[in-house]
Amino acid sequence: MNRQDKIIIDKLSFRYRNRPILEDISLCWREKQIIAVTGPSGTGKSTFLSLFNRLWEETGDGRLTGSIQLNLGGGLVDIYQRQMPLATLRRSVGMVFQAPNPLPMSIYKNITFPLMLAGRKNGEEMTELVERVLTQVHLFAEVKDRLKSDARNLSGGQQQRLCLARALVLEPKILLLDEPTSSLDQEACRKLEELIVELKDQCTILLVSHYQDQVQRTADLVYELADKRLRRVG
Ligand SMILES: Nc1ncnc2c1ncn2[C@@H]1O[C@H](COP(=O)(O)OP(=O)(O)OP(=O)(O)O)[C@@H](O)[C@H]1O
């Protein structure tokens with residue numbers, strides 16, 4: 001394995017104020033696999049995910065030591081180095097949350113919005129990309145006649161696939177999935193699981209899930225987060 005094809009976590013510790021959440025975690029993962037994190041509620045699984053796109057910096061009074069190195073296209077970089085632009089990081093590290101969170105705009109614009117933010121404005125290219133990612137998440141056939149309608153009118157499962165498409169349109173290197181199926185019914189849940197497995201050809205997936213059966217069906221590596229440590233359990 002090439003050193004560039006890895007994710008390297010080195011002596012990572014994290015605390016909110018005086019409360020340690022993660023302690024001295026060192027791991028090295030190959031890219032393009034599904035890595036699941038399970039564990040009891042409140043142990044820090046969502047926090048762990050938020051270290052990869054530095055989302056915790058927006059919300060909490062946290063403190064991190066150690067490093068996370070990712071290959072964002074030009075070789076391994078420490079994402080906490082000072083010169084790392086957050087916008088670059090967040091374009092390469094996509095995220096889908098527990099509850100679907102479509103933007104209050106049309107289905108089409110939900111996909112093009114991140115592209116516009118990234119400075120891509122070519123209309124024809126956009127239309128092709130919209131069709132491509134919606135097809136990839138198996139949603140295009142269901143919505144192709146109403147791309148201009150409000151995304152919030154889609155069903156929960158459709159909204160979650162749309163959110164996944166919105167993350168995928170920027171071709172992320174890493175996808176963070178935080179309990180992505182917990183608000184879905186069984187059928188929508190299985191569809192999304194199949195999709196997650198398909199996506200590992202394209203990017204590395206960090207999946208937080210408390211569904212043991214889901215983790216068994218989808219993940220290549222399984223960790224349990226307990227007592228501030230990640231322990232490999234599968
Ligand atoms: N912004 C924050 N500021 C301070 N403490 C926080 C913040 N976010 C989370 N915490 C605390 O950190 C701990 C870990 O929370 P986190 O949400 O990461 O756990 P989790 O394992 O994902 O939980 P669950 O399975 O219930 O979603 C919790 O005790 C929580 O109260």
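Is Arg17 buried or exposed? Arg17 is exposed, because just 9 other C-beta atoms lie within 10 Å and a residue with 12 or fewer counts as exposed. Keep in mind throughout these views that the model is predicted.

**View 1. Arg17 sits in a loop between two strands.**
The loop that holds Arg17 links strand 1 to strand 2. Here is something to look for in the backbone: phi of Arg17 is near 45°, a positive value in a residue other than glycine. Most residues other than glycine have a negative phi. On either side of this loop, strand 1 (residues 6-16) and strand 2 run antiparallel, joined by 8 bridges. One pair to find is Phe14 and its bridge partner in strand 2, Leu22.

**View 2. Four strands form an open antiparallel sheet.**
Following the strands across this sheet gives the order 2-1-4-5, with antiparallel pairing. Strand 2 (19-30) and strand 5 (76-78) are the edge strands, and each pairs on one side only. Neighbouring strands here are turned by 10° against each other on average, direction ignored. Strands of a sheet pair through backbone hydrogen bonds, either parallel or antiparallel.

**View 3. Six strands form an open sheet with mixed pairing.**
The order in this sheet is 6-7-8-3-9-10. Strand 6 and strand 10 (229-232) stand at the edges with a single partner strand each, so one side of each has no neighbour in the sheet. From one strand to the next, the twist averages 20°. Further in, strand 3 (residues 34-38) and strand 9 (residues 221-226) run parallel and are joined by 4 bridges. Look for Ile35, which stands opposite Leu221 in strand 9.

**View 4. Strand 6 is covered on both faces.**
In a regular strand the side chains alternate between the two faces of the sheet. Strand 6 (residues 93-96) lets you follow this: Val93 and Met95 are on one side, Gly94 and Val96 are on the other, and all are buried. Which strand runs parallel to strand 6, joined to it by 4 bridges? The partner is strand 7 (residues 174-178). Within this pair, Met95 stands opposite Leu176 in strand 7.

**View 5. Helix 7 is largely enclosed.**
Of the 13 residues in helix 7, 12 are buried, so the rest of the structure largely encloses this helix. Among the buried ones are Gly157, Cys163 and Leu168. What do the buried residues of helix 7 pack against? Their neighbours are strand 6, strand 7, helix 4 (107-117), helix 5 (123-136), helix 6 (140-143) and helix 8 (186-199). Helix 7 lies across strand 6 and strand 7, running at about 170° to strand 6. You can also check the length of helix 7 (residues 156-168): at 1.5 Å a residue it should span 18 Å, and its end C-alpha atoms are 18 Å apart, which agrees.

**View 6. Helix 8 lies across three strands.**
The strands in question are strand 3, strand 7 and strand 8 (204-208). Helix 8 runs at about 145° to strand 8.

**View 7. Glu171 lies in the loop between helix 7 and strand 7.**
This loop is where the chain goes from helix 7 to strand 7, and Glu171 is part of it. Phi of Glu171 is near 50°, again a positive value in a residue other than glycine. Glu171 counts as partly exposed, because it has 14 C-beta neighbours inside 10 Å.

**View 8. Leu55 lies in the loop between helix 1 and helix 2.**
Helix 1 (45-50) comes before this loop and helix 2 (56-59) follows it. Leu55 is partly exposed, with 19 other C-beta atoms within 10 Å; a buried residue would need 20 or more. Leu86 is 31 residues away from Leu55 in sequence, and their C-alpha atoms are 9.6 Å apart in space.

**View 9. Stepping back shows the whole protein.**
The protein has 9 helices and 10 strands. Its radius of gyration is 18 Å, close to the 17 Å that the globule rule gives for 234 residues, so the protein is as compact as a globular protein of that length. Of the 234 residues, 37% count as buried. The unreviewed UniProt entry lists residues 7-234 as "domain: ABC transporter". That span is 35% helix and 28% strand, and its end C-alpha atoms lie 18 Å apart.

Technical notes: Residues are numbered from 1 along each chain as its sequence is written. This is a predicted model: local features need pLDDT of at least 70, side-chain atom pairs count only at pLDDT 80 or more; totals for chains, interfaces and linings use all residues. Two strands pair if DSSP finds at least two bridges between them. UniProt positions are given in the numbering used here, feature names are shortened, and annotations may be inferred rather than shown by experiment. The radius of gyration is taken over C-alpha atoms; the globule rule is 2.2 Å times the number of residues to the power 0.38. The expected span of a helix is 1.5 Å times one less than its number of residues. Two residues are in contact if their C-beta atoms, placed from the backbone, lie within 7 Å. Axes are lines fitted to C-alpha atoms, for helices over the stretch in contact, and angles run from 0 to 180 degrees between N-to-C directions.
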